[in-house]
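Grab a pencil and work through these exercises with the model open beside you. Each one gives you a task and then a solution in steps.

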Amino acid sequence: MPHVIVSSCIGVKDQACTEVCPVECIYDGGDQFLIHPDECIDCGACVPACPVSAIFPEEDVPAGETEFIVKNRVFFGL
């Protein structure tokens, strides 16, 4: 499963996650970064790099944040 960036990224956009992603699948989505679900190789390198703990494996996205799974897919037209 791909990783998903949730609400704590909004307005922060630190870019540490983009710097460690080996496949460059993290994109600027305007108010936050978003991970392309088809490009993510599920390596998890971005998780510890995020200073606001906003990145989760899709199956572990916290309750109340699942709308960001949909937001990621819609942004990339999936």
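**Exercise 1. Work out what share of the contacts in the protein chain between residues at least 6 apart in sequence join residues at least 24 apart.**

Step 1. Start with the term: a contact means heavy atoms within 4.5 Å.
Step 2. Take the contacts between residues at least 6 apart in sequence; 64% of these join residues at least 24 apart.
Step 3. Before going on, know your material: this is a predicted model, where local features need pLDDT of at least 70 and side-chain atom pairs count only at pLDDT 80 or more, while totals for chains, interfaces and linings use all residues. Residues are numbered from 1 along each chain as its sequence is written, and side-chain values use heavy atoms, with hydrogens and water left out.

**Exercise 2. Describe the order of helices and strands, then check the overall size of the protein chain.**

Step 1. Count the elements, which are DSSP runs numbered from the N terminus (helices are H or I with at least four residues, strands are E with at least two). You should get three helices and four strands.
Step 2. Walk along the sequence and you'll read β-α-β-β-α-β-α.
Step 3. Now try the globule rule, 2.2 Å times the number of residues to the power 0.38, with the radius of gyration taken over C-alpha atoms. For 78 residues, a compact globule would come out near 12 Å, and the protein chain has 11 Å, which agrees.
Step 4. Draw a box along the principal axes: the C-alpha atoms fill roughly 25 × 25 × 25 Å.

**Exercise 3. Find the residues at the heart of the largest nonpolar core, and say which elements feed it.**

Step 1. Sort residues by relative accessible area: buried is under 20%, exposed is over 50%, and partly exposed is in between (1.4 Å probe, protein chains only). Of the 78 residues, 37% count as buried.
Step 2. Build the core from buried Ala, Val, Leu, Ile, Met, Phe, Trp, Tyr and Cys residues joined through side-chain atoms within 4.5 Å. The largest core has 18 residues, and Ile5, Ile26, Ile35 and Ile55 touch the most other members.
Step 3. Look at who contributes: strand 1, strand 3 and helix 3 each give two or more residues to this core.
Step 4. Zoom in on Ile5. Leaving aside neighbours within four places in sequence, its contacts include Ile26, Ile35, Ile55, Phe68 and Asn72.
Step 5. A bit of background fits here: in soluble globular proteins, nonpolar side chains tend to be buried together.

**Exercise 4. Is Asn72 buried or exposed, and what does Asn72 touch?**

Step 1. Place the residue: Asn72 sits in helix 3, residues 67-75.
Step 2. Check the cover: with a relative accessible area of 1%, Asn72 is buried.
Step 3. List the partners, skipping residues up to four places away in sequence: Val4, Ile5, Leu34 and Ile35.

**Exercise 5. Compare where His36 and Cys40 sit and what each one touches.**

Step 1. His36 belongs to the loop between strand 3 (33-35) and helix 2 (46-49), and Cys40 lies in the loop between strand 3 and helix 2.
Step 2. His36 is buried at 13% relative accessible area; Cys40 counts as buried at 17%.
Step 3. Without residues up to four places away, His36 touches Cys25, Tyr27, Phe76 and Leu78, whereas Cys40 touches Pro2, His3, Cys25 and Ile35.
Step 4. Add two distances. A polar atom of the His36 side chain lies 3.1 Å from the backbone nitrogen of Asp38. The C-alpha atoms of Cys40 and His3 are 7.1 Å apart, with their positions 37 residues apart along the chain.

**Exercise 6. How many salt bridges does the whole structure have, and what do they link?**

Step 1. Search for a side-chain nitrogen of Lys or Arg within 4 Å of a carboxyl oxygen of Asp or Glu. You'll find three salt bridges.
Step 2. Lys13 pairs with Asp28 at 2.9 Å, N to O. Lys13 is in the loop between strand 1 and helix 1, and Asp28 is in strand 2, 15 residues apart.
Step 3. Lys71 pairs with Asp31 at 3.2 Å. Lys71 lies in helix 3 and Asp31 in the loop between strand 2 and strand 3, so this pair ties together parts 40 residues apart in sequence.
Step 4. Glu58 pairs with Arg73 at 3.3 Å. Glu58 is in the loop between strand 4 and helix 3, with Arg73 in helix 3, so parts 15 residues apart in sequence are tied together.
Step 5. Finish with cover: Glu58 counts as buried at 14%, while Arg73 is partly exposed at 29%.

Terms used
Polar contact = N/O pair within 3.5 Å; in protein donor to acceptor, adjacent residues only side chain to side chain.
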